[in-house]
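Please work through the following exercises with the model open beside you. Each one sets a task and is followed by a solution in steps.

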Amino acid sequence: MLKVSYIIENKKQVINALSKRNFDATKIIGELEDYNSQRKKIQSKLENILSKSNKISKEIGELIKSGNKDQADKIKEQTAKFKETTKELNSELISIKDKILDLLYKIPNIPNESVPVGKGEEDNVEVYNSGNLPKLDSSALPHWDLAKKYDIIDFKLGNKITGSGFPVYKGMGAKLQRSLITFFLDLNTNAGYNEVQIPYLVNEDSGIGTGQLPDKDGQMYHIEKDNLYLIPTAEVPATNIFRDVILNEEDLPKSITSFSPCFRREAGSYGAHVRGLNRLHQFDKVEIIRVEHPEKSHHALEEMVEHVKSIIDKLGLPYRILKLCGFDLGFSSALTYDFEVYSAAQKKWLEVSSVSNCESYQSNRLKLRYRNSDGNIELAHTLNGSALALPRIFATIIENCQTEKGIVIPEILVPYTGFSMIN
RNA sequence: AGAGAGGUGGCCGAGUGGUCGAAGGCGCACGCUUGGAAAGCGUGUAUACACCAAAAGUGUAUCGAGGGUUCGAAUCCCUUCCUCUCUGCCA
């Protein structure tokens, strides 16, 4: 979330910048200003009274010490009136702070200057594409048919065990899946990301820290009995490593990578476009996270983009990179690049990675800060990206690499799979 | 899951109702000392918010979290989370 002081001091720029998202912040910022000045008034009043009553308490203490009980009792009466007003003011203060927080939760991050204006996903700007799109002959099968043909993914079995969107990978399919995970982790750690294994369930504080709560709690699976949430991405536990942390400037940057299954309720998205592996309730993903100095975060984003490019290049899949327009930009992101690989059998672009700079939007919620060389404390910047999400990569590999004889595994994966052909 | 013991600053650790934001130590920073280092000595060493144009300064809150008792809570009571020990269960 944004800082109240920042919003109020830069009101015009904020409203202007948010209009890129088709988000009209005029009213909400107006309310925010009102609440904030109310908050200050109440707080001053309250602190004044508390200060007085603290002084009196000290006096009472001294009087009792010196044996002056009668006088102490007299002064005690004075404090009675403070008590009620203190209580009232305090509950007013709490409720107004809650209101301010509620408003802050509703304001998305300010898009970076370079983010294009847009009214829909058609306004995303292609900034890179890797070359020619492969053409398969008309007998080419989509991955759900290939999965059945070679018995590598069983969607029906997943339905039986859990429900739709929980596929069972079998045999060479399972092996390919595991190979991809290891392959991605190897590339990420070679690029300097520290591998961590994180919990797949997180508490409420963590959900709030990275912005899934309170607004998007319908998208996460919630275990009510223990009040825990199944993670929708490793970004949540991995970024929360740094919640309530003050780093030293020289500790930056922090780079980590983590594999995890991801759980998403995907409430309300059903239909043909979610067929097969295209949209699942449980899928595997390897994530990269960076905590950066504000002056370096945009360079870091470019590095992350280059890194993801190199991964897809190695797999030899056709892809393009989109710079997301204001409309499509995620709530807490300032700048996002989406990677889409081209599925020749589905004749469709499939998103496989989203690399974002959240600037200080997450770190303000997380209270993730660093101490600069002057000794001042400032918010760090957080970035995250998929490197990579598995299902659509899996789907595209088997679709694009299908031949009459079988599915040809990309050469770079063969040392991981131990086989070069699924047939 | 049951019984017991705990959770204090970057770390260790004192504090069981009254100048306690918190002794003491370690660590860290700066200074003195030294040819240089170590040792020694001295000084400093939390965060958030508010007041102030700003700095200085002042105020308020924070001793796992939330609530309560009290003029006053790190200290007493309740709830909750976490850690440790024993028992149970288990990969």
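**Exercise 1.** Determine the handedness of the crossing of helix 7 and helix 12, and state which residues make the contact.

*Solution.* In this predicted model, the crossing of helix 7 and helix 12 is right-handed. The contact is made on one side by G173, L176, Q177, L180, I181 and F184 of helix 7, and on the other by L390, I393, F394, I397 and I398 of helix 12. Sorted by character, the residues of this contact comprise 9 nonpolar and 2 polar ones, with no charged residue among them. For the geometry, take helix 7 as residues 171–190 and helix 12 as residues 390–400; their axes come within 11 Å and cross at roughly 120°. An angle from 65 to 115 degrees would count as roughly perpendicular and one over 145 as roughly antiparallel; helix 7 and helix 12 are therefore oblique to each other.

**Exercise 2.** Locate R392 and describe what its side chain reaches.

*Solution.* Begin with the position: R392 lies in helix 12. Next, leaving aside residues up to four places away in sequence, list its neighbours, which are L277, N278, R279, V341, L350, E351 and V352. One of these, N278, offers its backbone oxygen, which the side chain of R392 reaches at 2.7 Å. As a separate distance, R392 and P232 are 160 residues apart in sequence, and their C-alpha atoms are 17 Å apart in space.

**Exercise 3.** Classify the packing of helix 2 against helix 3 from the angle between them.

*Solution.* Helix 2 covers residues 11–18 and helix 3 covers residues 26–65; the two pack at an angle of about 150°, with their axes 10 Å apart. Because angles over 145 degrees count as roughly antiparallel, helix 2 and helix 3 are placed in that class. Their crossing is right-handed. The contact is made by K11, V14 and I15 of helix 2 together with T26, I29 and E33 of helix 3, and its residues divide into 3 nonpolar, 1 polar and 2 charged.

**Exercise 4.** Describe the protein surface near RNA strand B, beginning with its elements and ending with individual atom pairs.

*Solution.* RNA strand B is surrounded by 19 residues, of which R39, Q43, E47, S57 and R371 are the closest. Helix 3, helix 4 (69–106) and strand 14 (368–371) each supply at least two residues of this surface, and the largest share, 12 residues, comes from helix 3. By character, the surface divides into 5 nonpolar, 7 polar and 7 charged residues. Turning to the RNA side, 66% of the atoms of RNA strand B within 4 Å of the protein belong to sugar or phosphate, and the rest to bases. Phosphate oxygens of RNA strand B lie 3.2 Å from a polar side-chain atom of N54 and 2.8 Å from one of R371. For the bases, a base nitrogen of RNA strand B is 2.9 Å from an N or O atom in the side chain of E47.

**Exercise 5.** Which peptide bonds in the model are worth checking as cis, and what is the phi of N22?

*Solution.* As background, most residues other than glycine have a negative phi, and most peptide bonds are trans. The bond from L213 to P214 is cis, with omega near 0°, and P214 sits in the loop between helix 8 (204–210) and strand 6 (222–223). The bond from A387 to L388 is also cis, with omega near -5°, and L388 lies in strand 16 (residues 381–389). Finally, N22, in the loop between helix 2 and helix 3, has a positive phi, near 60°.

Notes
Residues are numbered from 1 along each chain as its sequence is written. Chains are lettered from A and ligands numbered from 1 in the order in which they are written. This is a predicted model: local features need pLDDT of at least 70, side-chain atom pairs count only at pLDDT 80 or more; totals for chains, interfaces and linings use all residues. Side-chain values use heavy atoms; hydrogens and water are left out. Axes are lines fitted to C-alpha atoms, for helices over the stretch in contact, and angles run from 0 to 180 degrees between N-to-C directions. Helices (H or I, at least four residues) and strands (E, at least two) are DSSP runs, numbered from the N terminus. Angles under 35 degrees count as roughly parallel, over 145 as roughly antiparallel, 65 to 115 as roughly perpendicular and the rest as oblique. A crossing is left-handed if the near helix is turned anticlockwise from the far one by less than a right angle, and right-handed if clockwise. Contact means heavy atoms within 4.5 Å. Ala, Val, Leu, Ile, Met, Phe, Trp, Tyr, Cys and Pro count as nonpolar, Asp, Glu, Lys and Arg as charged, and the others, Gly among them, as polar. A residue is near a molecule or strand if one of its heavy atoms lies within 4 Å of it. A polar contact is a pair of N or O atoms within 3.5 Å; within protein, one must be able to donate a hydrogen and the other to accept it, and residues adjacent in sequence count only if both atoms are side-chain atoms.
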